[in-house]
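Here is a short report on one protein model. Look at the structure first, then read on.

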Amino acid sequence: MSASKPEDLLAQELSCPICLQLFSDPVTLPCGHNYCMDCISAATPSDNPKSPARCPECREEYNSPDQLQRNFKLSGIVDGYRSAMEGGGLKTMEEEEQKTVVTCDQCLDGPMPAVKRCLRCEVSLCLGHLQRHEERHQSRGHVLADPIVQDPMERCQLHRKKLEFVCGLDRTFLCTTCVVEGTHQNHEILTVEAADGEMRHLLGVHAKATTDRLQMTNALLKRARSANQPSDTPTEKLVYKAESVLDNMLALVNGYKDRMKELMETEVRQREKEWQSSVYTLEDQEQLLQEAKSSAAEVLAETNEFRFIQRYLKIEARLRYAASLSVAELPANAPAGTKRLRAEMRTDEFRYEMSLLLQSLHGLLNPLDLTFNPNTAHPNLMLSNDLRTVRYNSAKQGFSENSERFTSVVQVLASQGLSRGVHVWVAELEPCTMWSLGLCYKSIARKGDHSRLGHNSSSWRLQWKNRKMTACHESVNLTVPDAPTVAPQRVEVALDYEGGTLSFHCVSGKRRHLYTFHAVFRETVYPAFSIHSTTDQSWITLLSGV
């Protein structure tokens, strides 16, 4: 039955040869033919399990319907066709385009106006070529229609058919023949309409992401251009010094590497020279032995006794030399002269210089090996054996009395005093503990209300208490703006003595600035700590390093 519409032609191509309906869950046989899964399963004989399954069209054998590969691409094309038909059918050209003069695709001398278009051959024909076309095909399945203008960009350059699909892998347009031929098998095939919608969505997503990043970049540039020069915070100074030490270490390593490379290249060249000399000697010996062998063979071939003896006597000395020749040997793979390398590369000097740099880096990254001073600890504070953890204890400790101990406020100082330079230390805090961290002079009072950190001119402190963070100096208590709502578990304290700053950062998770004091330090300062909680689970630990 001949089809009268393009939709019918495409439907025939997308129909199962068994049920004559559009493919449903199509599978591909090894021979290349496609069928519905249910149709090919039903067509396979079940009365004789030993009988091989055969293709209904070409009769080629195959294993079993259960082992057939599903044709997902053909299934997608069928779904796209159904969607297109439900939406009103395949699109056609506008009527005004149909009335536009279309030239014959078969004319070579000069294009004549086309009077008809063969939908199967996808060619426009003038009157003369139309008659020959009808004589050749006798209208067997060749549907004729009025010629229409088609944008060459919308036609397949290979098959001259309308481009209706897009290959997601190759990013190219396809016609129905391109799809049926299978050159894009296992590729993601979409209809033009589906590809248009998907690509518009992706373009919108990318455009929004680009706009967001542009706004962020503009805001950062505006902030950078309006701001003053970045301030040298204590941490930045420390990082700068650490980078300087690391650069020196890198230069030392590169110098050591270059010296090693130069010495090894010299040794390799020497070994190559020795190897090549041995090869030359072997080549000379090979030539001499080859010549002696050839001479001996020629003399042995002599049948006349008199001439044989004469010729032998001529080559006897050379032959004896060749027969007793000691064959040269290739140089052995001797181990590398490590002692010589160590001496010439100055390994001991390198190790010494590197150890100095490592010590310098360790000193920068661990400027303070802080420990709690047990002589200053309040009686309700219990110190660990390494003096790095302090814990509240409801039972008073049996500390000896001395003038350094805090007796009114549960506080403790570090043993190390700081009188110059940039220093950083980190305190780890039990999540439910209420605490104060800060600095004080050694002259701070040890009892009474004025012994509390921040409530005098001798101390500065940051406090977390009752889910509120405050900063205090000389009894001026300030609420920290934009303070965290959850107690920080790690707080970094940075002191720039000469710069006159004392900064606090939360370093549990993302680094976050908490507060900075600005002061002129006139005496040696001591890191100070206070626990305000009254439970035995409250503790503070000094962490080693930054």
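This is a predicted model. The report begins at the start of helix H9. There, a side-chain oxygen of Asn-304 comes to within 3.0 Å of the backbone nitrogen of Phe-306.

Helix H9 covers residues 305-323, which is 19 residues. A straight helix would reach 27 Å at 1.5 Å a residue. The end C-alpha atoms of H9 are only 23 Å apart. Where is the kink in H9 centred? It is centred on Glu-316, and the angle is about 50 degrees.

**The sheet**

Now turn to the strands. In general, strands of a sheet pair through backbone hydrogen bonds, either parallel or antiparallel. Here, 6 strands form an open sheet in the order S14-S23-S16-S17-S18-S19. The pairing is antiparallel. Which strands stand at the edges? They are S14 (411-413) and S19 (476-479). Each has a single partner strand, so one side of each is left without a neighbour in the sheet. Neighbouring strands of this sheet are turned by 20 degrees against each other on average, direction ignored.

The table lists strand pairs of this sheet, with a pair of facing residues for each.

| Strand pair | Bridges | Facing residues |
|---|---|---|
| S14 and S23 | 3 bridges | Val-412 and Phe-529 |
| S16 and S23 | 7 bridges | Trp-435 and Ile-531 |
| S17 and S18 | 6 bridges | Lys-465 and Lys-468 |
| S18 and S19 | 4 bridges | His-473 and Val-476 |

S18 and S19 also form a hairpin, with 2 residues between them. One residue in the turn is Glu-474, which has a positive phi of about 55 degrees.

**A covered strand**

Strand S23 pairs with S14 and with S16. How many of the residues of S23 are buried? The count is 7 of 7, so to speak of S23 as mostly covered is fair. In a regular strand the side chains alternate between the two faces of the sheet. In S23, Val-525, Pro-527, Phe-529 and Ile-531 point one way. Tyr-526, Ala-528 and Ser-530 point the other way. The residues on both sides are buried.

**Aromatic pairs**

The structure holds 8 aromatic pairs. One of them joins Phe-372 and Phe-529. This pair is edge-to-face, with 5.1 Å centre to centre and 80 degrees between the planes. The two residues are 157 residues apart in the chain. Phe-372 lies in the loop between helix H11 (347-365) and strand S12 (381-383), whereas Phe-529 belongs to strand S23. Both are buried.

Another pair is formed by Tyr-441 and Trp-460. This pair is edge-to-face too: 5.5 Å centre to centre, 85 degrees between the planes. Tyr-441 sits in strand S16 and Trp-460 in strand S17, 19 residues apart.

Are Tyr-441 and Trp-460 buried or exposed? Buried means under 20% relative accessible area. Tyr-441 has 7% relative accessibility, so Tyr-441 counts as buried. Trp-460 has 3%, so Trp-460 counts as buried as well.

These two rings also belong to a cluster. Ring pairs link Tyr-441, Trp-460, Tyr-497 and Phe-521.

Conventions
Residues are numbered from 1 along each chain as its sequence is written. This is a predicted model: local features need pLDDT of at least 70, side-chain atom pairs count only at pLDDT 80 or more; totals for chains, interfaces and linings use all residues. Side-chain values use heavy atoms; hydrogens and water are left out. The expected span of a helix is 1.5 Å times one less than its number of residues. The bend at a residue is the angle between axes fitted to the seven residues ending there and the seven starting there. A polar contact is a pair of N or O atoms within 3.5 Å; within protein, one must be able to donate a hydrogen and the other to accept it, and residues adjacent in sequence count only if both atoms are side-chain atoms. Two strands pair if DSSP finds at least two bridges between them. Axes are lines fitted to C-alpha atoms, for helices over the stretch in contact, and angles run from 0 to 180 degrees between N-to-C directions. Rings of Phe, Tyr and Trp (its six-membered ring) pair if their centres lie within 6.5 Å; planes under 30 degrees apart count as stacked, over 60 as edge-to-face and the rest as tilted. Buried means under 20% relative accessible area, exposed over 50%, partly exposed in between (1.4 Å probe, protein chains only).
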